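Hi everyone, thanks for making time for this. I'd like to walk you through one structure today, so please have a look at it while I talk.

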Amino acid sequence: MGVIRVQHNENYTTMSNYHLRDNRLSLRAMGLMSKMLSLPDDWDYTVAGLAAICKEGREAVRKVLQELEEAGYIVRDQSREGGRFSGYDYTLYEQPREAEDPPVE
């Protein structure tokens, strides 16, 4: 069996393997989750913003966000300004909110 060695010098992300080993998630969901975890906390998490930094379009990003939300990795709350809808606030979890057992490896 081959060995992979990676030299981490700079500009890398440390994240949980939980979502990468969750067999319920598609590869797209794993990739978008990883991308989102690599972004700074103050980044503007919107469908349009994520689509701008991904190859997929808005509809594909929207579907993947829905998949992550259904799996418990994302909680989406509507935000309001002056009583009007102004977008969504996303809370991203490294493990699904209802996770009791670790994913099967």
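Let me start with the pocket. Strand β2 gives the largest share of the lining of the largest pocket, with five residues. One thing to keep in mind as we go: this is a predicted model.

Who else helps to build that lining? Helix α3, residues 58-70, strand β1, residues 74-81, and strand β2, residues 84-92, each bring at least two residues to it. In total, 16 residues line the largest pocket. If you want to find its centre on the screen, look for Val47, Leu65, Arg76, Tyr88 and Tyr90, which lie nearest to it. The space in this pocket is about 260 Å³. As for chemistry, the lining is a mix: six residues are nonpolar, five are polar and five are charged.

Now let's step back to the whole chain. How many helices and strands does the protein chain have? There are three helices and two strands, and along the sequence they come in the order α-α-α-β-β. The chain has 105 residues, and 30% of them are buried. Its accessible surface is about 8,000 Å², with carbon and sulfur atoms accounting for 44% of that. For those of you who like contact maps, take the contacts with a separation of 6 or more: 47% of them join residues 24 or more positions apart.

On to the charged pairs. The structure has three salt bridges, and I'd like to visit each of them.

The first stop is Arg76, which we just met as one of the residues nearest the centre of the largest pocket. Arg76 makes a salt bridge with Glu69, and their closest N and O atoms are 3.4 Å apart. Are these two buried, exposed or partly exposed? Arg76 has a relative accessibility of 36%, so it counts as partly exposed. Glu69 has 28%, and therefore also falls in the partly exposed class.

The next stop is helix α3. Here the side chains of Arg62 and Glu59 form a salt bridge, with an N to O distance of 3.0 Å. Both residues sit in α3, three residues apart, and that spacing is about one turn of the helix. Arg62 is partly exposed at 41% relative accessible area, and Glu59 is partly exposed at 44%.

The last stop is the pair Arg24 and Asp22, whose side chains meet in a salt bridge at 2.7 Å, N to O. Which partner is buried and which is exposed? Arg24 is exposed, because its relative accessible area of 51% is over the 50% cut-off. Asp22 is buried, because its 4% is under the 20% cut-off.

Before I stop, let me point out one more residue, Ser79. You'll find it in strand β1. Ser79 has a relative accessible area of 15%, so it counts as buried. What is Ser79 in contact with, if we leave aside its neighbours within four places in sequence? The list is Arg84, Phe85, Ser86, Gly87, Tyr88 and Asp89. Tyr88 should sound familiar, since we named it among the residues nearest the centre of the largest pocket.

So that brings us back to the pocket, where β2 provides the largest share of the lining. Thanks for listening, and I'm happy to go back to any part of the picture.

Technical notes: Residues numbered from 1 in each chain as written. Predicted model: local features only at pLDDT ≥ 70, side-chain atom pairs only at ≥ 80, totals over all residues. Heavy atoms only, no water. 1 Å grid on protein atoms, 1.4 Å probe; cavity = no way out; pocket = protein on both sides within 12 Å on 5 of 7 lines; lining within 4 Å. Points joined across faces, edges and corners; volume = space filled by probe spheres on them. Helix = DSSP H or I, 4+ residues; strand = E, 2+ residues; numbered from the N terminus. Nonpolar A, V, L, I, M, F, W, Y, C, P; charged D, E, K, R; others polar. Salt bridge = Lys/Arg side-chain N within 4 Å of Asp/Glu carboxyl O. Buried < 20%, exposed > 50% of the residue type's maximum accessible area, 1.4 Å probe, protein only. Contact = heavy atoms within 4.5 Å. Areas by Shrake-Rupley, 256 points an atom, 1.4 Å probe, with all protein chains shown as cover.
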